[in-house]
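Colleague: Could we go through this model together? I have a few questions ready.

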Protein chains: 2
Amino acid sequence: MDAGQDAKGEKHMLVQKYKDMLSKKSVIRELSEFATARGQEIGYENVFDYSLGNPSVPVPQAFTDRMIQMLATRDPMELHGYSPSLGITSVREAVAASLEQRFGIPYRKEHIFMASGAAGALSHAFRLVTEPGDEILTFAPYFPEYGPYVNLTGAVLKVVPPNTETFQINFPAFEEMLTEKVMAVLINTPNNPSGIVYSTETIQKLTDIMRRKQEEYGHEIYLISDEPYREIVFAGVDNPCVSKFYDNTIMCYSFSKSLSLPGERIGYVAINPACKDAETMIVMCGQISRGIGHNCPPSIIQLAVADVLDKTADLSVYETNMNLIYDCLVELGFTVVKPGGTFYIFPKALEPDAVLFCNKAKKYDLILVPADNFGAPGFFRMAYCISTEKVKRSLEALRKFVEQEYGK
Amino acid sequence: MDAGQDAKGEKHMLVQKYKDMLSKKSVIRELSEFATARGQEIGYENVFDYSLGNPSVPVPQAFTDRMIQMLATRDPMELHGYSPSLGITSVREAVAASLEQRFGIPYRKEHIFMASGAAGALSHAFRLVTEPGDEILTFAPYFPEYGPYVNLTGAVLKVVPPNTETFQINFPAFEEMLTEKVMAVLINTPNNPSGIVYSTETIQKLTDIMRRKQEEYGHEIYLISDEPYREIVFAGVDNPCVSKFYDNTIMCYSFSKSLSLPGERIGYVAINPACKDAETMIVMCGQISRGIGHNCPPSIIQLAVADVLDKTADLSVYETNMNLIYDCLVELGFTVVKPGGTFYIFPKALEPDAVLFCNKAKKYDLILVPADNFGAPGFFRMAYCISTEKVKRSLEALRKFVEQEYGK
């Protein structure tokens, strides 16, 4: 059946929806494919590929050692057995203890649900607190996948326009958009794509407004805090724990970036113990899973990660790269806010249309991502999770590009 | 907010739906918990726990060896890197080649989507071919999780009553229920809970009817074939490949049972190359994933499984157990159809109410599952994935139970 075009007419709109999505190619993926193709011509080491947010440092050796040790010594039926639907109990306990020790919030295993990376965690969070038609607010610039992640649940993602001076929050716009239809506010700090970390002042003001509106509307407004970059914060930058500011916080975490394990799909939902019905919400995650076919992250990965909760990959390369790029951008006259963390930087293009700007950069083998999709047209993103040596060579290309195309 | 009871009234029905699910305890889980508790009193070796379908034989050593070898030697960034959204290309190729070699159907990687176990595979299949309100038919007795799996997508699961003589298909009931609203037929052969394998005759007749109805209704009717027990088939039993009989077949496979890896969440969707729009449907699976937060099974597990596609755990214990139990049941006067595969057997209780029957069995430390939830009241399920030694001891308890309670 050609979905949506059969005799039943309207009946197949949803299927048609998935089909329609196929025609919209991801800009990031297209650029990444371009970089790969170009690499086959001139050697990938000569392509300055800033397109993809793939970690570029290895997982801690302790993780690998633990995996090998479990495989070599443990009863395979136990090791590879079904995980309980909320996650392996000892793993949830370890996550809760680590969070409590680090942030001083009394998390217990009853507040933790093990999920398949941030995407899995968010898919549960959205379903926990919204019905179809409810709104979730997020802030530009934002991770473009939030669109399908939210909209395919039936809820509606609304994007608050950016504060392009600082990439902190545009509060006047936020207050206006925080209507009674909004059931959740979704933030991502440290932020992809801006690299900005929300300040204590920002989070305080955000949560003050949310508390006021909760009271005004007579219903909870949840704060969904997407924190995959939590461990990648640069020297001197304050990275406040969002959950400390607001009881109704649903923290969504992924180990993809901190442990350089994006392919192993492991993360968690942690609901603030002071959140209304926190423990019920965690148990509900297990029910949501049945409908979306989730059924826990892999047992062996849960167990191995629980052993390295307080470790990270060696993330220092990202700060080294950031400083090199930031200094060069400033020197070349770019408008750019200095990142406080992540492995992204988000400068303003040297002409109004960032798509044209990034297209011209390709001639210099610089793969830059225009930010129209991130809700901030005119800007572009560089994902500097590449070797420092390559960053250095790329800056020569950047200088040449700016000089030849923009006469600077 | 107490979902569903706030000022917005109806707005929170879906959230309420997940909350409501919490009050409905799973019979299997309750019995399993009872068995664990009883085990703590008298030693678990003395509890004849037939409640859970957990594999009881270890994963092939080749899987473990491959995992260790990859961890010890491969570049961790590559090993643990993002999988493409449809699965790792080499893994999809290997799965397609294995299926082609085994079944003679020209599968290519374009027909394969790697999924998180059967639950993940089914959750994609249902969304591929149904809109909210569409019907999916399945046949009693059936795996009770099909209920939430289907109904939480918005589609509606309808259950064709059983043919209790053979546990093949009740065709008169099927033909009556196969209305224009039915977009897919979901089968599970070898079957949980009956242990029955659908015969060639059954599958031929089923697919003949479906072809006729497709033509009559002018829309495709998909056959979703859930095959986690495909490799557990007993001597002399013919286990026809469903996909060979019907072009519009979506095969959902899991390695949980064949490789004893239920916790590692690995399986696939394989769409018959002759299915209309097969390749588009596979690409659509990648879009569906975005909405449900799925994003592929873990990379390392994909890679390791691809190396042991044509291996299984040593599954022979299940047939040994089945024969012991079947002979004893027959001797004791039970009505029971001999299983052709799986690790389940599905006898008729010795009184009309199987719940009462299974409750009485508990006194003899026999944990049997009444089949009301499986769509076949009056029957009960035994999951004999336990050691043969324990099976033998359990049969003594069974004899005593039947003698003392039913005077046989």
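Colleague: What share of the interface residues of chain A are also interface residues in chain B?

Modeller: Happy to help, and note that this is a predicted model, where local features need pLDDT of at least 70, side-chain atom pairs count only at pLDDT 80 or more, and totals for chains, interfaces and linings use all residues. Residues are numbered from 1 along each chain as its sequence is written, chains are lettered from A and ligands numbered from 1 in the order written, and side-chain values use heavy atoms, leaving out hydrogens and water. The copies meet through the same surface, because the share of chain A interface residues found in the chain B interface (contact means heavy atoms within 4.5 Å) is 100%.

Colleague: By what turn can chain A be laid on chain B?

Modeller: Superposition is by least squares on C-alpha atoms of residues with pLDDT of at least 70 in both copies. The RMSD is 0.0 Å, with a shift of 0.0 Å along the axis and a turn of 180 degrees. The copies are thus related as by a two-fold rotation axis, which goes with that turn of 180 degrees.

Colleague: Which strands of chain B stand at the edges of the sheet?

Modeller: Strands are DSSP runs of E, at least two residues, and helices runs of H or I, at least four, numbered from the N terminus; two strands pair if DSSP finds at least two bridges between them. The open, mixed sheet of chain B has seven strands in the order β2-β8-β7-β6-β5-β3-β4. Each edge strand has a single partner, so one side is left without a neighbour in the sheet: β2 (112-115) and β4 (156-160) of chain B.

Colleague: Which residue is the bridge partner of L137(B) in β4(B)?

Modeller: Strand β3 (residues 135-139) of chain B runs parallel to β4(B), joined by five bridges. In β4(B), the partner of L137(B) is K158(B).
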